[in-house]
Structure formats: C-alpha cells, structure tokens
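Trainee: I have a new structure open, and I would like to learn how to read it. Could you walk me through it?

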Amino acid sequence: MTDSSRPLRFDLIAFDWDGTLYDSTRLIVRCIQAAVIDVGGAKPSENDAAWVIGLGLAEALARAAPDVPKEKYAELGARYRYHYLQHQDDLVLFDGVLQMIDALRARGHKLAVATGKSRRGLNEALKSVALRDRFDASRTADETFGKPHPRMLLELMEELEVPAERTLMIGDTTHDLQLALNAGCASVGVSYGAHEPGSFDELKPLFVAHSVASLESWLLGNA
C-alpha cells in the first residue's frame, strides 16, 4: 500500500483510450484490414494495422492503405466504421481499470482522456462503460490536432489549469509517448496494447507497465 498523504508528483494524468484502458487493439486491427479489402486495397499486415492505432482515423487509414487512392478515403472510413460498429459492444475495459481510476481520483489527481478516436466514438465508449463522470476532461482527434501533435495535451492542460511539468501522459503507442514529449510532459508506456514496448526506449517513458495492476501500483507509488 502507498501513503495517501504523500504529495502528488503529477496533478493531471491523461490516458490514451484504445489499447491502454480499453481492450480494443485486436478488433481495430481486424476492422482496418477488412475496410481496406472492401475498397480494393491490399490487406495490411497485423503489424502495419496496429502501428497506426492512436492516430486520427483519416491519417491512420491512409497510412495503413497506401495503395488506396485518395478519392476512396471517404468510403474507406465508412467501411471501417461499419465493421467497428458491428462489434463495439463486445469490447471491455482491461481488468482493473475502474479500480485504478477510482484510486487515482481518491488521491486527488485530475484525470483526462487524450485519444485518436472521434468525439462520437469516445462518447459512446464512455457511456457504455459508465466512465463518463470519472474523467475531468477529454480530447479527440476530430476536434483538435491528432497525435503526436501536442495540441491535444496542451488544450487539456489549459482547461484543467495544470502545467506541463505536473502532467503525465499514459499510452500504448509511440504516438502517445511522442505526444507527451512534444507537449513537454512526462510519459508512461503500457506494453499490452498496439506497439511493441521495445520501440518506447528512445521516447524515455518513466516506466513501462506490463499489466493494469503494475500500472496502478507504479502510479500510486510514483505519481
């Protein structure tokens, strides 16, 4: 157990969504692959489809399907959303996420979501898992700049009145950790999402968690 009276190192903790809090990586990969095939593109590998997770949808699909012409991007996005919506209710939070969120709130941290999802997609996810009231703010890729541009984090810090040195970003991709660097914030990586943790080293996260339990333990002891 940690000492709840210990001063906070970070006032604001911002979480990525897919692959960090939400167990959605495999579904997103399959939906990207299916959408590309639907519009006549070459099926991207699982690694290539996973690498783009965390980017805004339009950029992610364009990178995953370099052989698909731009005039088909709207159709590509529509096909991705079609496939995702067929299974979105199957998705769940990683075990232990609610407990971790509640423990951090009890310690006085402000909590936010910084995600490549759309606002509509995030709102649906928050509603479905009853998480809406547990976060103080959120930003999505369609209402600001996508990762790794720093705007998403900068807007959250401004809204919640927390400086960069008191803000921590947590995510499962290099896009999340680069976002933190670009915004002047510290970061923590998780290894159970879309990107291989070996790619995190050069982005200098404070810690790499291999489970939600280890993430919670580190946060309660070090954040």
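Mentor: We will go through pockets, a helix, the cores and a few backbone details. Keep in mind that this is a predicted model.

Trainee: Let me start with empty space. How large is the volume of the largest pocket?

Mentor: Rolling a probe the size of a water molecule over the atoms shows where empty space is left. Here the largest pocket has a volume of about 680 Å³. It is lined by 30 residues, and the closest to its centre are Leu57, Tyr80, Arg81, Lys117 and Ser118.

Trainee: Which elements give two or more residues to the lining of the largest pocket?

Mentor: They are helix H1 (25-38), helix H3 (57-64), helix H4 (73-87) and helix H6 (119-128). The largest share, seven residues, comes from H4. Sorted by class, the lining holds 15 nonpolar, eight polar and seven charged residues.

Trainee: And what lines the second largest pocket?

Mentor: That pocket holds about 310 Å³ of space. It has 15 lining residues, with Glu46, Asn47, Ala50, Ala194 and Glu196 nearest its centre. Helix H2 (46-51) and H1 each supply at least two residues of this lining, and H1 gives the most, with five. The classes here are four nonpolar, seven polar and four charged residues.

Trainee: Now a helix, please. Which residues of H6 are buried?

Mentor: Look for residues with under 20% relative accessible area, since that is the cut-off for buried. In H6 the buried residues are Leu122, Ala125 and Leu126. They lie on the same side of H6, because they cover an arc of only 100 degrees around its axis. On the other side of H6, Arg120 and Lys127 are exposed.

Trainee: What covers the buried residues of H6?

Mentor: The cover includes strand E2 (110-115) and strand E3. After the helix comes alanine 130, with a positive phi near 55 degrees.

Trainee: How many residues does the largest nonpolar core have?

Mentor: It has 53 residues, and those with the most contacts inside it are Phe15, Trp17, Ile32, Phe135, Ile170, Leu215 and Leu219. H1 gives the most to this core, with seven residues. Try selecting tryptophan 17: leaving out residues up to four places away in sequence, its contacts include Leu122, Ala125 and Leu126. Those are the buried residues of H6 that we just met. Tryptophan 17 also touches Phe135, another residue listed among those with the most contacts in the core. A second, separate core of 17 residues includes Ala137, Leu153, Ala164 and Ala183.

Trainee: Let me finish with the backbone. Which peptide bond is cis, with omega near 5 degrees?

Mentor: Omega describes the peptide bond, and the bond to look at runs from lysine 147 to proline 148. Proline 148 is in the loop between strand E3 (137-140) and helix H7 (151-160).

Trainee: And what about phi? Where is glutamate 161, and is this residue buried or exposed?

Mentor: Glutamate 161 has a positive phi near 55 degrees although it is not a glycine. You will find it in the loop between H7 and strand E4 (167-171). With a relative accessible area of 72%, glutamate 161 is exposed.

Trainee: Where does lysine 204 lie?

Mentor: Go to the loop between strand E5 (186-190) and strand E6 (208-209). Lysine 204 also has a positive phi near 55 degrees, and at 64% relative accessibility it counts as exposed.

How values were computed
Residues numbered from 1 in each chain as written. Predicted model: local features only at pLDDT ≥ 70, side-chain atom pairs only at ≥ 80, totals over all residues. Heavy atoms only, no water. 1 Å grid on protein atoms, 1.4 Å probe; cavity = no way out; pocket = protein on both sides within 12 Å on 5 of 7 lines; lining within 4 Å. Points joined across faces, edges and corners; volume = space filled by probe spheres on them. Helix = DSSP H or I, 4+ residues; strand = E, 2+ residues; numbered from the N terminus. Nonpolar A, V, L, I, M, F, W, Y, C, P; charged D, E, K, R; others polar. Buried < 20%, exposed > 50% of the residue type's maximum accessible area, 1.4 Å probe, protein only. Arc of directions from axis to C-beta. Contact = heavy atoms within 4.5 Å. Core = buried A, V, L, I, M, F, W, Y, C linked by side-chain atoms within 4.5 Å.
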